[in-house]
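Subject: Structure handover

Hi,

Here is the structure for you to work with. My notes on its cavities and on one histidine follow.

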Amino acid sequence: LQHEPNPLIEGCDGSYSSYLSYLSDEPNIPLVEKMARDFGCIATLGNDGCGFEQQFKAARKALTVHATGANAGFLRPDSILTILFVTDEEDCSVEPGSEGIFDTADSSLGPLNLRCFNHPYMVQTVEEYAESFRTLKEDPDDLLLAFIVGVPVMEACQGDETDLAACLELDIMTERPDPAHPDRLVPSCVTSQGEAFPPRRFVQLAQQFGDNALVHSICTDDFGPAIEGLTDKLHGLIGKIEFSRELETEKDPADECRCISECSIIEQMVDMRDCPEGRTCFEPDGPGTGCEYFEDAGGQLHTMCVIPQAGTRIDDCSLECTDPSAVHTIDGEGWYYLLSGSRGTPEVGFTDSMIPVEGATVYIQCESMICPENRQCGPIGLEGSMCCDQDAWCDRSTGAPTCTSRPD
């Protein structure tokens, strides 16, 4: 992954690790500002380079060909992967064997800027890239694609509830040579900073991923709505925790219609701030025994808080909590457990007022340890298998699965 700083930007570090990673605020530098500064240092690349833009192929190569080489450790089974394309040009990822499209001396292929348009058989299909990207995550809901591209600034082409088929049918999204400039296409949108061209392949790729894709226009001075839309989608996924095995649930001794779990949800703050409203500090030895604080590798202390359990209420109180015919509704404010979640697997969720704060680390603590699916390393029950710590990931690249600490 590109990680060398742009020497023309002031205030950048001399070098950066192969990918940016943040665990907590550094003294006197708010985390969001540090992230913005660091990303700006490595992402400001200019507009020089090859005129044949191959955005799909570049992303796939970084995440597949180099996944166990230069970019090892970036793809993790317990993470949500977002691929964000920001471009004012159409994708021209060339079909293997068609590299002759780059030959500037071959005039039979026509103007360079029109070759991908005039010779679509020399370009790989969108479906091939959609399939490649799908293989990156075992759970399809752990992959999001976002596009800030040359769609016109129109309701049909951008936002969360867009009809992308209607966008493709717009006349301005039709690729055709520009009569005023015969060596290029007619722009799809124009700004004071430049022009963009019909991104039909990007929109078609977005169609392949449905609700897990978001399209916005690059022909705007404010990318805020695009980033906010992407953040909303991420929060929707981060608000759920899923497990490969069921949690122990039982009837509340005080209410036979209410189901609760024996587990607790612990929220580790990014620093020593107070617990959010509705939470209490984590007292591992019981009420009145004192709050526990987590000390990270840098010596910084973090407040540990308990998110209350909302529990669920079943429609037929004579049924057991685990009965598949029981209908559960959330009962109160806090976290809740659904035996069959939105993806057909056990799911822990949070009511709106109890969603963990941004940047916090969330742990589930049970009397009988249940290893979350994204931390299970090796087949369940097999000798040598283990449950990785919260700050580790399962490395399967060297044979036997091994829990490996995440890099700072």
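A cavity is a set of points, on a 1 Å grid over the protein atoms alone, where a 1.4 Å probe fits but cannot get out; lining residues have an atom within 4 Å of a point. Points are joined across faces, edges and corners, and a volume is the space filled by probe spheres set on them.

The model is predicted: local features need pLDDT of at least 70, side-chain atom pairs pLDDT 80 or more, while totals for chains, interfaces and linings use all residues. Side-chain values use heavy atoms, without hydrogens and water, and residues are numbered from 1 along each chain as its sequence is written.

The search found 2 cavities of 30 Å³ or more.

The second largest holds about 30 Å³. Its lining has 8 nonpolar residues, 1 polar and no charged (nonpolar: Ala, Val, Leu, Ile, Met, Phe, Trp, Tyr, Cys, Pro; charged: Asp, Glu, Lys, Arg; polar: the others, Gly among them). Phe 147, His 216 and Leu 230 are among the lining residues. Strands E2 (143-149) and E7 (213-217) and helix H7 (224-238) each supply at least two. Helices (H or I, at least four residues) and strands (E, at least two) are DSSP runs, numbered from the N terminus.

The largest holds about 100 Å³. Of its 14 lining residues, Thr 249, Cys 259, Thr 312, His 328 and Tyr 337 are the closest to the centre. The lining splits into 7 nonpolar, 7 polar and no charged.

His 302 sits in strand E14 (301-307). At 3% relative accessibility, His 302 is buried (under 20%, 1.4 Å probe, protein chains only). Its side chain reaches the backbone oxygen of Met 269 at 2.9 Å and that of Val 270 at 3.1 Å.

Best wishes

How values were computed
1 Å grid on protein atoms, 1.4 Å probe; cavity = no way out; pocket = protein on both sides within 12 Å on 5 of 7 lines; lining within 4 Å. Buried < 20%, exposed > 50% of the residue type's maximum accessible area, 1.4 Å probe, protein only. Polar contact = N/O pair within 3.5 Å; in protein donor to acceptor, adjacent residues only side chain to side chain.
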